[in-house]
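Work through these exercises with the structure open beside you. Try each task before you read its solution.

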Amino acid sequence: MAGTSSSKITFGLVGAGWRSEFYLRIAEAAPERFEICGAVVRDAEKGRVFQETWGVRAFRTVDELLRAAEPAFMVVSVPWAACPDMIRLLAERGVPVLSETPPAPDLAGLLSLVPLMERGAKVQVAEQYPFQPMHAARQKVADSGKLGTVSQVQMSAAHGYHGVALLRRLLGNRFEPAQISAYTFESDLVAGPGRQGPPQEHKIVRSRQTVATLRYENGKLGVFDFTSDQYFSWIRSPRILVRGESGEIVNTQLSYLENFQTPVKVELRREDAGRDGNLEGYYHKGILAGSEWVYRNPLAPARLSDDEIAVATCLIRMAEYARGGPSFYGLAEACQDHYVSLLIGQAAESGETLTSTQQAWCRFREA
């Protein structure tokens, strides 16, 4: 199937929850780039409210939407347990799928998707974190060779499979086995904002932290560290270390050797329009390392948050993939990252050191 024009990406939605609203906001902010041709909302009343709120036509079933429109692909944004069945349904109809994360809730669900990989179904997963501007900038530096071979990554920026995906990619790993040890720690924290907005009162909550070490078979080390409040808390910041023999990145500070006698230190510096007296509008331009652009925002000048930029980047890459372009985060990678995330949870609960094994999806390099 193809979108309605070569210049605009036309896609459909399955689901109308909190995560679906990211796609709706992106389409509103960049209407010249994106068009949502409809959304599948099974509940009739929810569908009516959705349609009135967003101005996007709601359908009760996938087949109703496909009879009325021709999306380039469908975004599946439904609860974890429902995700595998919806991916399979769309794949059976020959529709490319961009699934929200993770594509299945548990190992059995992940393994149930392997037949889709065997059939060559057109499925990608919207793992947006590697496409957030600063994460993408770090990845560009790591891939450039400035750090040498990356041997260690410490990642405290995202939970579960998101954090594992960032860590694994920065290490340059794919499906390498790892020994996994983990523990949890709880402490008091003043409650901050949440999905519903700022806090309404002073309140102390228990904050749960998970720390894991991943010792990979290829000699590389990953340290996963995430506190459940980090996404919204005003006083819990991300911490990231990427280390190679020739340099390292500590949060936004890049240090590397031009040669063995010449150390270089530069800041990964955000460039945004609309600050101070700038009159270009308010949007993110990109990330500079000294005089080198290590990231440029492909959605400029749309006014989007970093996470929305990342999701929109997934949409752009999905449109390219649906037209025959390369995989950018396929089912095999998504299954691997969630599988390792599940093992971290099991290791933290049991106190045992676990070892990841090669699963059936590992033979699909680009799936």
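Helices (H or I, at least four residues) and strands (E, at least two) are DSSP runs, numbered from the N terminus. The model is predicted: local features need pLDDT of at least 70, side-chain atom pairs count only at pLDDT 80 or more, and totals for chains, interfaces and linings use all residues. Residues are numbered from 1 along each chain as its sequence is written, and side-chain values use heavy atoms, with hydrogens and water left out.

**Exercise 1. Positive phi**

Task: Place Asn251 and state whether Asn251 is buried, partly exposed or exposed.

Solution:
- Find the loop between β12 (247-250) and β13 (253-259); Asn251 sits there.
- Read the backbone. Asn251 is not a glycine, yet its phi is positive, about 55°.
- Apply the cut-offs: buried is under 20% relative accessible area, exposed is over 50%, and partly exposed is in between (1.4 Å probe, protein chains only).
- Asn251 has 29% relative accessibility, so Asn251 is partly exposed.

**Exercise 2. A second case**

Task: Do the same for Asp276: is Asp276 buried or exposed?

Solution:
- Go to the loop between β14 (262-273) and β15 (283-289), which holds Asp276.
- Asp276 is not a glycine either, and its phi is positive, about 55°.
- The relative accessible area of Asp276 is 82%, so Asp276 is exposed.

**Exercise 3. Cis peptide bonds**

Task: Locate the cis bonds that lead into Pro102 and Pro301.

Solution:
- Thr101 and Pro102 are joined by a cis peptide bond with omega about -20°.
- Pro102 falls in the loop between β5 (97-99) and α5 (107-111).
- Ala300 and Pro301 are also joined in cis, with omega about 10°.
- Pro301 falls in the loop between β16 (292-296) and α9 (306-322).

**Exercise 4. Sheet edges**

Task: Which strands stand at the edges of the eleven-strand sheet?

Solution:
- Write down the order: β16-β15-β14-β13-β12-β11-β7-β10-β9-β8-β17, an open sheet with mixed pairing.
- β16 and β17 (354-355) are the edge strands; each has a single partner strand, so one side of each lacks a neighbour in the sheet.
- Recall the pairing rule: two strands pair if DSSP finds at least two bridges between them.
- β17 pairs with β8 (residues 178-190) in the antiparallel sense, over two bridges.
- Check one residue pair: Ile180 has Leu354 of β17 as its bridge partner.

**Exercise 5. Contacts of a tryptophan**

Task: Which residues does Trp361 touch?

Solution:
- Set the contact cut-off: heavy atoms within 4.5 Å.
- Leave out residues up to four places away in sequence.
- Trp361 then touches Leu107, Leu110, Leu111, Val114, Met117, Phe175, Ala332, Cys335, Gln336 and Tyr339.
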